[in-house]
Amino acid sequence: MKYKIGIDLGSSYTKGALVDENNKLIEVRCVKTGYDFNRAANKIIDEFKVNYEIQDPVFTCGYGRDQLKIPFISNSEIIALSKAVFDLYKRKCSVVDIGGQDTKYIKINDQGQVDKFKMNRKCAAGTGSFIEEIAYRLDISTEEFNDFAKQATEEVKINSFCTVFAISEIIGMIKNGTSLPNIIIGIYNSIVSRCVEMSPIEDFLVLSGGVPPRHPMIVEQFKKIFHNLENPENSQFLAAYGCVLLNN
Amino acid sequence: MSNQNMQTREEIIKLQSVQALRQTMDDYFSRLKDATETGRKKIAWCTSVGPAELLYSMGFEVYFPENHGAMLGAGKNADKYIPTAVAHGYSPEICSYLTSDIGAFIQNETPLQKMGFKSVPKPDILVYNTNQCREVGDWFSFYAKHFNVPVLGIYTPLGINELSAVVIDNISKQLQALVPELEKIADQKFDIDKFREAVNLSHDGCVLWREVLETAMHKPAPINFFDAAIHMGPIVVMRGTQYAIDYYKILKDELENRIENHIGAVPQEKHRIYWEGMPLWFKLSSMAKLFAKLDSCIVASTYCNSWVFDDLDGNDPFNSSALAYSKLFIVRSADAKQEVLEQLMSDFSVDGIIYHEAKTCPRNSNNCFGMQSRANSNNKIPYLELNGDLNDPRCYSEEQSVIAIETFIQQLAGN
């Protein structure tokens, strides 16, 4: 059996989805994108090739979608993500995708079509980069964020849109004795706020992208506002999977 | 898209009129250069929707800093100059026409130097109308102080809903009040007949410009927004002269010929888009190629349609000028704007609308004020919001915008 590969070449990470002839998601892989889209994609393909026979062309989306030297068919990551989400839930819904550099809002209708979408304004607020920048300044790893957030006793507010100004604001909090867990939950809430302001969300909400699974407390903060919400398994790989589904 | 079996795409057929356009604009700048070098004619600076007819009728050569700002943007040089203006105290968040223009002036650079100018033409007087924005007053005042010359302003109320007699009378009186001040500088006395003639020429030029734009109602549209943004030069800087009329007759003939021969601005027009807001001057060419590649034609725009002042009437030159310039889209109320937008979207049979939110021009970015949601609930036409700017490329993310545009076109195609 030959397997199909969908690759989402994102700004921070490149995600691969291996799909069988029945369109079942078999395996996923994720590597840092770095500076070479081809190297990132090839690394994923080579890993899949160890155990599977791969079909040409591969299906791509994301910033590096049209950069590959191997045969490919590129797609819009928003359309691909919507396809995968609708395939999963088969109902109209809103999607908030929180990635390394982009946050996207998508409204999917009951036919699985995109009715409306919006991308974040051109700054890091509300994206994974926001967390990375702040982690660097606080000299803690992003992996530690979630555990700190669990220990929060108070939800402080971080107002600044700008990452640099947010860091200044955090320095002020540190000076005032605000605890690290409370600051971290403030950072998470700041991301939630940036997402919420993208569009009114009226129905079932699906959270996707790489940030929610790495920071489950963000999902919990979302749940305080949206009760009808899911963060599906492999949410980071949905766009890659959707690329394959789109090209059936 | 695929790197396999690449389709051979038809090439964009360029408008032949561009040669005549170039000549018309070169001649305009030659007249300004001659006035600068010989002093044979006085020079007035004017905002792009200022009283150009009055100035031309009184013998001035008229220079438009906004046109210069657009030249800096289209030449991809604005980001070289904006920081200089910012260093001199202008915020990077205000009009990037202003900051790039003043920055370039401080650096003593201008694209006009390629045409033999030493600098921008020195003004004898500056005249602005705040119908576009308040920044024009600050902008012109900078130069008035620098050159120690008078600056005159017409103050138009904002958010005009009903074009009432009170509003029109007020603007008309302000226009009339300019006359004695202009006479102090001009080489000639005000002559009502010359003014009537200029107003009539302006009217005729505007009608032709409207007819040029209306050719895009045809499918496929023979002209798109990116062409129109370039070809609007004469209606901006030569309104009230025969030169603009002569040029738009040439352009209109070519477009009608295209219609007869089924030649579209986009070779395979499948989607028809409306563009709300300012052009991204520094991306005009690449945007044109991107939309053509996506078989999508931007058939109408608020920006280009804003230069249709067909209420001008030489029989009543002051009042009709007041009416025409207060009817300008940007100075109208949200309701009046929405009515205009929806009418244009209907007239041009558009499938989608792109709202360009220009970072430094919120007044020209109607999605900042909820227009997109209101219009969509009325006509259900899908829309995309694009973040960018008229001149400042630092406010624009190319990769993100291309993804958004490609996705939007797929959305229009039913995913």
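B:W45 stands opposite B:L126, a residue of strand β3(B), in a model that is predicted. Strand β3 of chain B covers residues 125-129, and five of its five residues are buried. Strand β3(B) belongs to an open sheet of four strands with the order β2-β1-β3-β4 in chain B. An open sheet of four strands with the order β6-β5-β7-β8 is also found in chain B. Chain A contributes an enclosed helix, α9, and a surface that touches chain B. The model has an ipTM of 0.86 and a pTM of 0.92.

**Strand β3(B) and its partners**

- Strand β1 of chain B, residues 43-46, runs parallel to β3(B) and is joined to it by three bridges.
- Strand β4 of chain B, residues 151-154, also runs parallel to β3(B), and here four bridges make the connection.
- Within that second pairing, B:Y128 has B:G153 of β4(B) as its bridge partner.
- The side chains of β3(B) are divided between two directions: B:I125, B:V127 and B:N129 point one way, while B:L126 and B:Y128 point the other way.
- Residues on both sides of the strand are buried, in keeping with the description of β3(B) as mostly covered.

**The sheet β2-β1-β3-β4 of chain B**

- The pairing throughout this four-stranded open sheet is parallel.
- Strands β2 (61-63) and β4 of chain B are at the edges; each has a single partner strand, so one side of each lacks a neighbour in the sheet.
- From one strand to the next, the twist averages 25°.
- Helix α6 of chain B, residues 135-147, packs on this sheet and touches β1, β3 and β4 of chain B.
- The direction of helix α6(B) makes about 175° with that of β3(B).

**The sheet β6-β5-β7-β8 of chain B**

- This open sheet of four strands likewise has parallel pairing.
- Its edge strands are β6 (296-301) and β8 (383-388) of chain B, each of which pairs on one side only.
- Neighbouring strands are turned against each other by 30° on average, with direction ignored.
- Strand β5 of chain B, residues 271-276, runs parallel to β6(B), and five bridges join the two.
- In β6(B), the residue opposite B:I273 is B:I298.
- Helix α17 of chain B, residues 398-412, lies across β5, β6, β7 (352-358) and β8 of chain B.
- Helix α17(B) runs at about 170° to β8(B).

**The surroundings of B:M278**

- B:M278 is located in the loop between β5 and α12 (284-293) of chain B.
- B:M278 counts as buried because it has 25 C-beta neighbours inside 10 Å.
- Apart from its neighbours within four places in sequence, B:M278 is in contact with B:Y303, B:H356, B:A358, B:C361, B:N364 and B:L390.
- B:Q176 is 102 residues from B:M278 in sequence, and their C-alpha atoms are 31 Å apart in space.

**Helix α9 of chain A**

- Helix α9(A), residues 238-246, is largely enclosed by the rest of the structure, because nine of its nine residues are buried.
- The buried residues of α9(A) include A:L238, A:Y241, A:C243 and A:L246.
- The cover over α9(A) includes the strands β1 (2-9), β2 (13-19), β3 (25-32), β5 (58-61) and β10 (205-208) of chain A, together with α2 of chain A.

**Domains of chain A**

- The domain assignment of chain A gives domain 1 as 2-77 + 238-246 and domain 2 as 128-192.
- In chain A, the C-alpha centres of domain 1 and domain 2 lie 33 Å apart.

**The contact of chain A with chain B**

- Chain A provides 20 residues to the contact, and chain B provides 19 residues.
- On the side of chain A that touches chain B, the elements giving two or more residues are β6 (72-74), α2 (77-89) and β9 (114-119) of chain A.
- Strand β9(A) gives the most to that side, with five residues.
- The residues on this side of chain A comprise ten nonpolar, three polar and seven charged.

**Confidence**

- The average pLDDT of chain B is 95, and 98% of the residues score at least 70.

How values were computed
Residues numbered from 1 in each chain as written. Chains lettered and ligands numbered in written order. Predicted model: local features only at pLDDT ≥ 70, side-chain atom pairs only at ≥ 80, totals over all residues. Contact = placed C-beta atoms within 7 Å. Nonpolar A, V, L, I, M, F, W, Y, C, P; charged D, E, K, R; others polar. Domains from an automatic or database assignment. Pairing = 2+ DSSP bridges. Axes fitted to C-alpha atoms, helices over the stretch in contact; angles between N-to-C directions. Buried ≥ 20, exposed ≤ 12 C-beta atoms within 10 Å, placed from the backbone. pLDDT = per-residue confidence, 0-100.
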